[in-house]
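Visitor: Before we discuss any labels, could you put the model in front of us? I would like to hear how each term is justified.

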Amino acid sequence: SNDDDNDDNVEFYENAGYPSPAINNDSDTVGAGDAFLAALVASLFIESESPPRALERACALGGYVAGCRGATPEHEDAPEDLKNVFCS
């Protein structure tokens with residue numbers, strides 16, 4: 001079997017991302033990748049969302065976590081525009 005036969009079925013998605021909303025100028029990237037992956041997996045496999053929507057939610061949550069100190073910030077503190085994406 002030729003592996004090139006399946007290349008026509010591959011789809012790629014991209015998202016411009018979200019700026020990190022540094023809260024009180026206190027930010028680090030700890031947990032941002034974990035938050036991104038958790039949101040992506042949950043959106044795709046639990047919520048059955050489309051890949052573009054899942055990627056949008058993952059980027060929003062990862063960007064928010066990167067803008068906060070520590071790996072598990074309170075979601076209530078997130079800017080409304082990001083909360084509307086990753087909490088909807």
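Visitor: What makes the contact between E80 and K83 a salt bridge?

Guide: The term requires a side-chain nitrogen of Lys or Arg within 4 Å of a carboxyl oxygen of Asp or Glu, and the side chains of E80 and K83 meet with N to O at 3.1 Å, so the pair satisfies the rule. The two residues stand three apart in helix α3 (residues 80-86), which means that about one helical turn separates them; helices here are DSSP runs of H or I with at least four residues, numbered from the N terminus. This is a predicted model, in which local features need pLDDT of at least 70 and side-chain atom pairs count only at pLDDT 80 or more, while totals for chains, interfaces and linings use all residues. Residues are numbered from 1 along each chain as its sequence is written, and side-chain values use heavy atoms, with hydrogens and water left out.

Visitor: Why is K83 called buried?

Guide: Buried means under 20% relative accessible area, exposed means over 50%, and partly exposed lies in between (1.4 Å probe, protein chains only); K83 has 18% relative accessibility and therefore counts as buried.

Visitor: Which other pairs form salt bridges, and how many are there?

Guide: The count comes to three salt bridges. E49 and R57 meet at 3.0 Å, N to O, and R57, at 11% relative accessibility, counts as buried. E56 pairs with R53, their closest N and O atoms being 3.1 Å apart, and both belong to helix α2 (residues 51-66), three residues apart. E56, at 27%, is partly exposed, as R53 is at 23%.

Visitor: How do you know that α1 and α2 are roughly antiparallel?

Guide: Their axes come within 8 Å and cross at roughly 155°. Because angles over 145 degrees count as roughly antiparallel, under 35 as roughly parallel, 65 to 115 as roughly perpendicular and the rest as oblique, α1 is roughly antiparallel to α2. The axes are lines fitted to C-alpha atoms, for helices over the stretch in contact, with angles from 0 to 180 degrees between N-to-C directions.

Visitor: What is the predictor's confidence in the helices?

Guide: Confidence is given as pLDDT, from 0 to 100 for each residue. The protein averages 84, and 84% of the residues score at least 70. The mean is lowest in α3, at 82, and highest in helix α1 (residues 32-46), at 95. Where pLDDT is low, the predicted coordinates should not be read in detail.
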